[in-house]
Amino acid sequence: MAAIIELTNITKTFGGVRAVDAISFSVERGELAGLIGPNGAGKTTVFNLITGVYDPDQGSIVFDGEDITPLKTYQVIRKGIARTFQNLRLFQRSTVLENVMTAAQNGLPYSFWEGVTHLGRWRGVERKIRDKSMDLLARVGLADRALQEAGTLPYGYQRRLEIARALSLDPKLLLLDEPAAGMNPEEVYALNDLITAIHRDFGLSIIVIEHHMDLVMEICPHIVCMNFGAKIAEGGPEAIQRHPEVLKAYLGDEEETA
């Protein structure tokens, strides 16, 4: 199966520190993959490079057969990549529904004048966006909270709202940056079910960054592990759990700590 995204020798340096060090990996179309590693390993920087937040110092990123390395963030989104963030970036005082509808308005098929006057195609398009947004909220379990201010949602629900907002962009590739951050074990278990359902029902390719190892090992058949900006292991859950470099990265060197 062809890769939906392929990173080749991607490197990014900040002030002489290599945040990402010549990393290469690919994710196949329709695959659910995990990107793991200790704090500071460079995982979120990889997402920022994919989505055009940073330009790599070297290397290439090919998405859906096209080199997207030089593209800006808005161009990457239009190509079909959406993401959530490690730190929530919701419109806190807007309603849950408004948060999703705002994202869904990317590339609307009506003119600026129609948007200002609410004439022409505006009414029909807005109705479709509202219906689509409500469907997505239902998928993540938030339809009954559509008119609630986003900032008043419980933390775990805010994470779900970010996922719904990303899905409203109709991506081919969904990047989830620590979606279980701050969740209790019960919420993490429910999030497992949500991510696997989205992967199955939407036919999406997904890459998940996560510190909750149970989540990644449970749902991701393909895992890439980073440490100090470099890839140290890649494979299935069982191989990753036994890999000596992964054990050293997470548990430390037994000889040094003995």
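**Group meeting: a walk through a predicted model**

I will start in the middle, with helix α6, where the buried residues are G156, Q158, R159, R160, L161, E162, I163, A164, R165, A166 and L167. Buried means under 20% relative accessible area, exposed means over 50%, and partly exposed is in between, using a 1.4 Å probe and protein chains only. Helices here are DSSP runs of H or I with at least four residues, strands are runs of E with at least two, and both are numbered from the N terminus.

Before going on, some notes on the source. This is a predicted model, in which local features need pLDDT of at least 70, side-chain atom pairs count only at pLDDT 80 or more, and totals for chains, interfaces and linings use all residues. Residues are numbered from 1 along each chain as its sequence is written, and side-chain values use heavy atoms, with hydrogens and water left out.

Back to α6. Eleven of its 13 residues are buried, so the helix is largely enclosed by the rest of the structure. As for its length, the expected span of a helix is 1.5 Å times one less than its number of residues. For the 13 residues of α6 that gives 18 Å, and the end C-alpha atoms are 19 Å apart, which agrees.

Helix α1 can be described in a similar way. It covers residues 43-50, and seven of these eight residues are buried, so α1 is largely enclosed by the rest of the structure. The buried ones are K43, T45, V46, F47, N48, L49 and I50. After α1 comes G52, with a positive phi near 80°.

Next is α7, residues 185-202. It has 18 residues and reaches 26 Å from its first C-alpha to its last, close to the 26 Å expected. Which residues of α7 are buried? They are V188, L191, N192, L194, I195, A197 and I198. In general, an α-helix has 3.6 residues a turn, so residues three or four places apart point the same way.

Both ends of α7 have something to point out. At the N-terminal end N184 acts as a cap, with a side-chain oxygen 3.1 Å from the backbone nitrogen of E186. At the other end α7 is followed by G203, whose phi is positive, near 65°.

A second side-chain contact to a backbone nitrogen involves T69, which sits in the loop between β5 (66-67) and α2. The T69 side chain reaches the backbone nitrogen of I61 at 2.8 Å. A polar contact here is a pair of N or O atoms within 3.5 Å; within protein, one must be able to donate a hydrogen and the other to accept it, and residues adjacent in sequence count only if both atoms are side-chain atoms. T69 is buried, at 13% relative accessible area.

Now the pocket. The largest pocket has a volume of about 410 Å³. Of the 20 residues lining it, the closest to its centre are I77, R83, F85, R165 and L169. A pocket is an open set of points on a 1 Å grid over the protein atoms alone, where a 1.4 Å probe fits, with protein on both sides within 12 Å along at least five of seven lines; lining residues have an atom within 4 Å of a point. Grid points are joined across faces, edges and corners, and the volume is the space filled by probe spheres set on the points.

Which elements supply at least two residues each of that lining? They are α2 (73-79), β6 (81-83), α3 (96-104) and α6 (155-167). By class, the lining has ten nonpolar, six polar and four charged residues. Ala, Val, Leu, Ile, Met, Phe, Trp, Tyr, Cys and Pro count as nonpolar, Asp, Glu, Lys and Arg as charged, and the others, Gly among them, as polar.

Two non-glycine residues with positive phi come next. A22 is in strand β2 (residues 17-28), has a phi near 50°, and is partly exposed at 33%. F228 lies in the loop between β9 (222-227) and β10 (230-235), has a phi of about 50°, and is exposed at 70%.

Strands β2 and β10 also show up in long-range pairs. E28, in β2, is 26 residues from A2 in sequence but 5.8 Å from it in space, C-alpha to C-alpha. K231, in β10, is 208 residues from I23 along the chain, with their C-alpha atoms 5.9 Å apart.

Last, cysteines. C220 is buried at 1%, and C225 is buried at 0%. With a disulfide taken as a pair of cysteine sulfur atoms within 2.5 Å, the count is zero.
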